[in-house]
Amino acid sequence: MGMTITQKILAAHCGKSSVAAGDLINAKLDLVMGSDVTTPIAIQEMKKHGLDTVFDPEKIVLVMDHFAPNKDIQAARNCALVRRFAAEMKISHFYDGGCMGIEHALLPEQGLVAPGELVIGADSHTCTYGALGALSTGIGSTDMAAGMVAGEAWFRVPRAIRVDLTGRFNPYVGGKDLILSLIGMIGVDGARYKSIEFSGEALSAVPIDDRFTICNMAIEAGAKNGIFPADNITEAYLNGRVPRNWRAYFPDASAEYDRVIRIDLSKLEPVVAAPHLPSNVKRAADCAGIPIDQVVIGCCTNGHISDLRTAAQLLRGKKVASGVRCIIIPATPHIYKQAIQEGLIESFIDAGATVSMPTCGPCNGGHVGVLADGERCVSTTNRNFVGRMGVKDSEVYLAGPAVAAASALTGKISVPEV
């Protein structure tokens, strides 16, 4: 039986010529990642078992991004603990302060992930790096501790779903609309512990930023990982970022998939995920007119430069609606700087938006935009569970940057005019 991309990467990292869905394996890791929220628990686990070394300080990445800059005393203590640990373990890939960006945009930008590599991270959206042809998946803090010490992790080889893409995106339709549409089709458990592997003649029409967005939300369908095959778009992104040798993997013609889903990009339209599940997907046009209190554009899912360009295009020369708070969150300092250089930040400020430092912020109800009782937000983030961004009776509608920006201008859910 042939293998999928994910199965080939796992086979290569466990020293076997082949693996099959359901196999239990131990695989060597190329990278282990943690945040200011998850790393302290991993450190405590190491201390509890008397472990005081890591397998390779160059293959561990610690990013202070969830509650940083610190929002309260406990957040400050957590970051201080991780700073000391990073210094003691001589971990060079430690991102804090002005170097801190949102981990899932920062790691690829820094050249820390390449095709064919195996990455685990103590954050569920670690699956983002599948956009580069890597197998990346989220794990818990205890598994992070084991990975930091041993440089290995155990896996059950996943089955797979293949998504064949055709056509081209229409204006103001992009990766967020694609992944939300897919989640709406199969549900939040439709790919449970499976890999979602993207293929088809339309791959050349899916830019790298859209691929990051798509893979970021594979977990919202219950997937173990999402992955694109490395191609010219991947190589263009990696050029100048990744000096080391890497290997791309491609599925065998005889690879077995539980399901093949075909999506014509030209038939997609702007969508939103209504409260309180990412699978509660509706046409944005069908939700038009619902009043809102806040808009969030950015974070790890849609805080890339192309997302900010889309938002700025719609906001430039206009004003955010009275009574609406529009918060822009560039995903990394580099993206923030590029947005300044391109005049995007000036457009946001002139429109009446607030521009935040790179941070996870309101996405997980942390800070920089927490919702009050009964408030409603259109957000380009990845989850809209009950209480995700504030009090339990607040509501979050997930959308792409175009719908979010258009909604900021009207004070209600809106579809941008082409």
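User: In which sense do strand 8 (residues 159-166) and strand 11 pair, and over how many bridges?
Analyst: The model is predicted. Strand 8 and strand 11 belong to an open sheet with the order 10-9-8-11. Within this pair, Val-163 stands opposite Ile-261 of strand 11. The sense is parallel, and the count is six bridges.

User: Which strands stand at the edges of the sheet ordered 10-9-8-11?
Analyst: Four strands make up this open sheet, with parallel pairing. A strand with a single partner has one side left without a neighbour in the sheet, so it stands at an edge. The edge strands are strand 10 (225-227) and strand 11 (259-264).

User: What angle separates neighbouring strands of this four-strand sheet on average?
Analyst: The sheet is open and runs in the order 10-9-8-11. Its neighbouring strands are turned against each other, with direction ignored. The average is 20°.

User: Which helix packs on that sheet, and what angle does its direction make with strand 11?
Analyst: The helix touches strand 8, strand 9 (194-199) and strand 11. It spans residues 175-186. This is helix 6, and its direction makes about 135° with that of strand 11.

User: What is the strand order of the five-strand open sheet, and which strands are at its edges?
Analyst: The pairing in this sheet is parallel, and the order is 4-3-2-5-6. The twist from one strand to the next averages 15°. Each edge strand pairs on one side only, and these are strand 4 (93-95) and strand 6.

User: Which residue of strand 4 stands opposite Leu-62?
Analyst: Strand 3 (residues 60-63) pairs with strand 4 in the parallel sense, over three bridges. Leu-62 has its opposite residue in strand 4. That residue is Phe-94.

User: Which helix lies across strand 2 (31-35), and at what angle to it?
Analyst: The helix also lies across strand 3 and strand 5. Those strands and strand 2 are part of the sheet ordered 4-3-2-5-6. The answer is helix 5 (residues 141-150), running at about 140° to strand 2.

User: Which residues form the covered face of strand 7 (residues 152-156)?
Analyst: Strand 7 is joined to strand 1 (residues 24-28) by five bridges, and the two run antiparallel. Ile-25 stands opposite Phe-155 of strand 7. The uncovered face holds Glu-152, Trp-154 and Arg-156. The covered face is Ala-153 and Phe-155.

User: Is His-125 buried or exposed?
Analyst: His-125 lies in the loop between strand 5 (118-121) and strand 6 (135-138). The cut-off for buried is under 20% relative accessible area. His-125 has 4% relative accessibility, so it counts as buried.

User: Which side chain makes a polar contact with that of His-125, and at what distance?
Analyst: Beyond four places in sequence, His-125 touches His-104, Asn-216, Ile-219, Glu-220, Asn-382 and Arg-383. One of these contacts joins side chains as a polar pair. The partner is Glu-220, at 2.4 Å.

User: How many of the ten residues in helix 1 (residues 5-14) are buried?
Analyst: Helix 1 is mostly covered. Its buried residues include Ile-5, Ile-9, Leu-10 and Cys-14. The cover includes strand 1, strand 5, strand 6, strand 7, strand 9 and strand 10. The count is nine.

User: Which residue follows helix 14 (residues 401-410), and what is its phi?
Analyst: Helix 14 is mostly covered, with eight of its ten residues buried. Among them are Pro-401, Val-403 and Ser-407. The residue that follows has a positive phi. It is Gly-411, with phi near 80°.

User: Which residues does Ser-347 contact beyond four places in sequence?
Analyst: Ser-347 is found in helix 13 (residues 344-351). At 8% relative accessibility, Ser-347 counts as buried. Its contacts are Ala-312 and Arg-316.

User: What is the radius of gyration of the chain?
Analyst: The chain has 14 helices and 18 strands. The globule rule gives 22 Å for 418 residues, and the chain's value is close to that, so it is as compact as a globular protein of that length. The radius of gyration is 20 Å.

User: What share of the residues in the chain is buried?
Analyst: The chain exposes about 15,700 Å², and carbon and sulfur atoms supply 50% of it. Buried residues are counted over 418 residues. Their share is 59%.

How values were computed: Residues are numbered from 1 along each chain as its sequence is written. This is a predicted model: local features need pLDDT of at least 70, side-chain atom pairs count only at pLDDT 80 or more; totals for chains, interfaces and linings use all residues. Side-chain values use heavy atoms; hydrogens and water are left out. Two strands pair if DSSP finds at least two bridges between them. Axes are lines fitted to C-alpha atoms, for helices over the stretch in contact, and angles run from 0 to 180 degrees between N-to-C directions. Contact means heavy atoms within 4.5 Å. Buried means under 20% relative accessible area, exposed over 50%, partly exposed in between (1.4 Å probe, protein chains only). A polar contact is a pair of N or O atoms within 3.5 Å; within protein, one must be able to donate a hydrogen and the other to accept it, and residues adjacent in sequence count only if both atoms are side-chain atoms. The radius of gyration is taken over C-alpha atoms; the globule rule is 2.2 Å times the number of residues to the power 0.38. Accessible areas come from the Shrake-Rupley method with a 1.4 Å probe; for residues, only the protein chains shown count as cover.
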